Amino acid sequence: MITLKSQREIDMMKKAGELLADTHKQIAKMIKPGITTWEIEEFVDKFLRDHGATPEQKGYQGYQYATCASINDEICHGFPRKTPLKEGDIVTIDMVVNLNGALADSAWSYPVGKVSAETQKLLDVTKKSLYKGIEQVKPGNRIGDIGHAIQEYVEAQDFSVVRNFIGHGIGPTIHEKPEVPHYGLPHKGARLKEGMVITIEPMVNIGGFETKMDNNGWTARTMDGSLSAQYEHTVAVTKDGVVIITDQGEDKA
Ligand code: MF3
Ligand code: CO
């Protein structure tokens, strides 16, 4: 069932999203060669609790951490760890904030120090694809319009869109209906309605879209070892269009 949220619920999710956006802005300042994703994990856990919130991913279906930290060819659900990040790496930090019962979910990819031109292009294209998807969010459009816009743009840039992991409705739990693929056909799928809150979270690979699973049962990485990036926002469908719940006030171009 797709739950529709009231204005009050959306306002509460926006508060959770503002805290999540602030958390990402802090992380952006921390990321440099030598830091570990374990330090980021500890920072996030404390920062959220200091602000009256809890990390919703911790304990979710047995997941043990506040953050997912996916490095280089890891697509998603990487575990935070004590290995230092190196110059030229990319790392995606994904988290879900629970503030007074309201949820917000946002992942962001970060370059570590100076990255290659191709890596920077992957980051730029992936972020832009997220905003291409968000542009399609308005009452009357369909889920397929979102995925189609993302896929068309990413493939024109000669990258690929991961199929095995998709966006989702959110609230009251992390994963709700509808499913939100980052590929597909225009004018297909469920119609977007005022009060729906969903995530859009394209994972984009330099090589092929195929994935493989680590032995830990969580971490997905690219089959061909190519780099993978991800940007994710939680968005609400409103009467006039869209509200980005996890907006960092960044460039939307
Ligand atoms: N934030 C993730 C998403 O975008 C959820 C990860 S589930 C977890 O869907 F258990 F790994 F936290
Ligand atoms: Co997420």
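Which helix do Arg49 and Asp45 both lie in, and how many residues apart are they? Both sit in helix α2, which covers residues 37-50, and they are four residues apart, or about one turn of the helix. Keep in mind that we're looking at a predicted model here. In this model the two side chains form a salt bridge, with the closest N and O atoms 3.2 Å apart.

Let's stay with that pair for a moment. Arg49 comes out as partly exposed because its relative accessible area is 41%. Asp45, on the other hand, has a relative accessibility of 16%, so it counts as buried. Asp45 also has a salt bridge to Lys58, where the closest N and O atoms are 3.3 Å apart. That second pair links distant parts of the chain: Asp45 belongs to helix α2, while Lys58 is in the loop between β1 (54-55) and β2 (67-71), 13 residues apart. Lys58 is partly exposed, with 37% relative accessible area. As a general point, side chains of opposite charge can pair when their charged atoms come close.

The model has 12 salt bridges by the rule used here. Another of them joins Arg221 and Glu74, at 3.3 Å from N to O. This one also links distant parts of the chain, since Arg221 is in strand β12 (residues 220-222) and Glu74 is in strand β3 (residues 74-76), 147 residues apart. Are these two partners buried or exposed? Arg221 is buried, at 18% relative accessible area, and Glu74 is buried too, at 5% relative accessibility. Zoom out a little and you'll find both in a network of salt bridges that links Asp73, Glu74, Arg81, Asp214 and Arg221.

Now over to the metal. The cobalt ion (ligand 2) is coordinated by Asp94 through OD, listed twice, by Asp105 through OD and by Glu232 through OE, at 2.0 to 2.7 Å. Along the chain, the donors follow the spacing D-x10-D-x126-E. Asp94 lies in strand β4 (residues 90-99) and Asp105 in strand β5 (residues 102-111), so this pair ties together parts that are 11 residues apart in sequence. Why is the arrangement around the cobalt ion (ligand 2) irregular? The six donor atoms subtend angles of 52 to 178°, and that makes the arrangement irregular. For reference, ideal angles for six octahedral donors are 90 or 180 degrees.

Asp94 and Asp105 are both buried. Asp105 is worth a further look: despite being buried, Asp105 has no salt bridge, and the nearest side chain of opposite charge, Lys5, is 12 Å away. What Asp105 does have is a polar contact of 3.4 Å with the side chain of His168. Leaving out residues up to four places away in sequence, Asp105 touches a list of residues including Leu20, Asp94, Ile170, Glu232, His233 and Thr246.

That last contact, Thr246, leads to Ala21. Ala21 is found in helix α1 (residues 7-30), and Ala21 counts as buried because its relative accessible area is 2%. The C-alpha atoms of Ala21 and Thr246 are separated by 5.5 Å, although the two residues are 225 residues apart along the chain. Not counting residues up to four places away in sequence, Ala21 touches Thr246, Asp247 and Gln248.

Terms used: Residues numbered from 1 in each chain as written. Chains lettered and ligands numbered in written order. Predicted model: local features only at pLDDT ≥ 70, side-chain atom pairs only at ≥ 80, totals over all residues. Heavy atoms only, no water. Donors = N, O, S within 2.8 Å, 3.2 Å for Na, K, Ca; no water. Tetrahedral: all angles 85-135°; square planar, octahedral: opposite > 155°, others 65-115°. Helix = DSSP H or I, 4+ residues; strand = E, 2+ residues; numbered from the N terminus. Buried < 20%, exposed > 50% of the residue type's maximum accessible area, 1.4 Å probe, protein only. Lys, Arg positive; Asp, Glu negative; His and termini not counted. Salt bridge = Lys/Arg side-chain N within 4 Å of Asp/Glu carboxyl O. Polar contact = N/O pair within 3.5 Å; in protein donor to acceptor, adjacent residues only side chain to side chain. Contact = heavy atoms within 4.5 Å.
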